[in-house]
Each structure stands twice: as C-alpha cells, then as structure tokens.
Amino acid sequence: MNEVATLEAQEARLVLPRFTYEDAWALGSLLVELARGRRAPVAIDIRRGAQQLFHCALPGSSADNDAWIDRKRRVVERYGESSYLVGARFRAKGTTFEDSSRLDPDWYAAHGGSFPVAVEGAGVIGSVTVSGLPQAEDHAMVVEALDRLLADLTD
C-alpha cells in the first residue's frame, strides 16, 4: 500500500462515535502520557471548531511548536484531512505543498502532526495536533492516541 492509501485508510478507520469535552481531555491526557513516556519535547493541541479544548507544552518544546501547531491545524481545517496526507498527496504528484498549493507557508504547513477529529454522522468537527518531533513521528503519535481513544469509546 502506498503512503497516500495508508494515510487515507487511517482516516477512514479513525472516526469516533462522539467527541465530548471529556473525550478531548482523555485524548489530550493520553497524548501527554505517550509523550512523557518517550521524553518527547512536544506541544499538544486539541480543537473542536474554533474552540481550543486542550493544550499542553512539555519540557523541550517552545513557542515555535505552537506556531507549527497553528500552521498544521489550518491545513486540516482547510482540507478536512490530516496535514500529513495533504503533504503526501502533493509529493505523490511530484511537487510540494509549498510550491503548488498557492497558500502562504507562514500560515499553512502540510507537515505531519495534525489530524482531523471526525465523528460518525457529523464529519470533521475539529483537530488534534502534535508538534516537536519529525513529522512522521508527530503523525504516528496522534494516530496511536486516536486508535486507543476509539477503542475506549467503542468498548
């Protein structure tokens, strides 16, 4: 399976039955636990619409991570897909997001780490973003946490 297909399959699988304030707290807390266990110097952000439901900056992160969160989150808001998938689609076409999207790279970054929060029957209602690791690792941490949250919500 190629990269785009793999990322699409993740998004198809990671649709939640609901997403409450408590679920946002559980997801954020899980991400903090994963990051602390790996000594990952990340910042974490969870949004529903325009409302920030969770934010945490761990040791080693900086204000630059918050700026990356904003740029990656805007890609999810605009495309309704993970920032990593959007970047992968451009790479699969032999170009880059920066060269071909016609969007200001100071405002948008199609780098891994921001993932849509999708709810059954509602579609994309928010985003969860991690910044501080290489993009594939940021993305993988979010996917791991969403997989675990989904398992908890469907048990």
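Strand S1 (residues 15-16) lines up parallel with S4, with two bridges between them. Within that pairing, Leu-16 sits across from Val-119 of S4. Keep in mind that this is a predicted model.

On to the other partner of S4. Strand S5 (residues 123-131) runs antiparallel to S4, and six bridges hold the two together. Here Val-117 faces Gly-126 of S5. The two strands make a hairpin with three residues in between, and Gly-121 in that turn has a positive phi of about 80 degrees. How many residues of strand S4 are buried? Six of the six in residues 114-119 are, so S4 is largely enclosed by the rest of the structure.

Strands S2 (residues 43-48) and S3 (residues 51-57) also run antiparallel, joined by six bridges. Asp-45 is the residue opposite His-55 in S3. This hairpin has two residues between its strands, and Gly-49 takes a positive phi near 60 degrees.

Put the strands together and you get an open sheet of five, ordered S1-S4-S5-S2-S3, with mixed pairing. Which strands sit at the edges? S1 and S3 do, each pairing on one side only.

Now for the helices. H6 covers residues 135-154, so 20 residues, and spans 29 Å from first C-alpha to last, close to the 28 Å expected at 1.5 Å a residue. Its buried residues are Asp-138, His-139, Met-141, Val-142, Val-143, Ala-145, Leu-146, Leu-149, Leu-150 and Leu-153. Some of that list makes sense once you recall the geometry of a helix: with 3.6 residues a turn, residues three or four places apart point the same way.

Helix H2 (residues 21-37) packs against H6: the two axes come within 10 Å and cross at roughly 135 degrees. That makes H2 oblique to H6. The crossing is right-handed. On the H2 side, the residues in contact are Asp-23, Ala-26, Leu-27, Leu-30, Leu-31, Glu-33, Leu-34 and Ala-35. They meet Met-141, Val-142, Glu-144, Ala-145, Leu-146, Arg-148, Leu-149 and Leu-153 of H6. Several H6 residues turn up in both lists: Met-141, Val-142, Ala-145, Leu-146, Leu-149 and Leu-153 are buried and also touch H2.

That leaves a few loop residues worth a look. Arg-39 lies in the loop between H2 and S2. Its phi is near 55 degrees, a positive value in a residue other than glycine. Arg-102 belongs to the loop between helix H5 (97-100) and S4. Arg-102 is not a glycine either, yet has a positive phi of about 70 degrees. Gly-60 is in the loop between S3 and helix H3 (63-79). Gly-60 and Ala-40 are 20 residues apart in sequence, with 7.8 Å between their C-alpha atoms.

Are these loop residues buried or exposed? The table has the values, and anything over 50% counts as exposed.

| Residue | Relative accessible area |
|---|---|
| Gly-60 | 66%, exposed |
| Arg-39 | 77%, exposed |
| Arg-102 | 81%, exposed |

Technical notes. Residues are numbered from 1 along each chain as its sequence is written. This is a predicted model: local features need pLDDT of at least 70, side-chain atom pairs count only at pLDDT 80 or more; totals for chains, interfaces and linings use all residues. Side-chain values use heavy atoms; hydrogens and water are left out. Buried means under 20% relative accessible area, exposed over 50%, partly exposed in between (1.4 Å probe, protein chains only). Helices (H or I, at least four residues) and strands (E, at least two) are DSSP runs, numbered from the N terminus. Two strands pair if DSSP finds at least two bridges between them. The expected span of a helix is 1.5 Å times one less than its number of residues. Axes are lines fitted to C-alpha atoms, for helices over the stretch in contact, and angles run from 0 to 180 degrees between N-to-C directions. Angles under 35 degrees count as roughly parallel, over 145 as roughly antiparallel, 65 to 115 as roughly perpendicular and the rest as oblique. A crossing is left-handed if the near helix is turned anticlockwise from the far one by less than a right angle, and right-handed if clockwise. Contact means heavy atoms within 4.5 Å.
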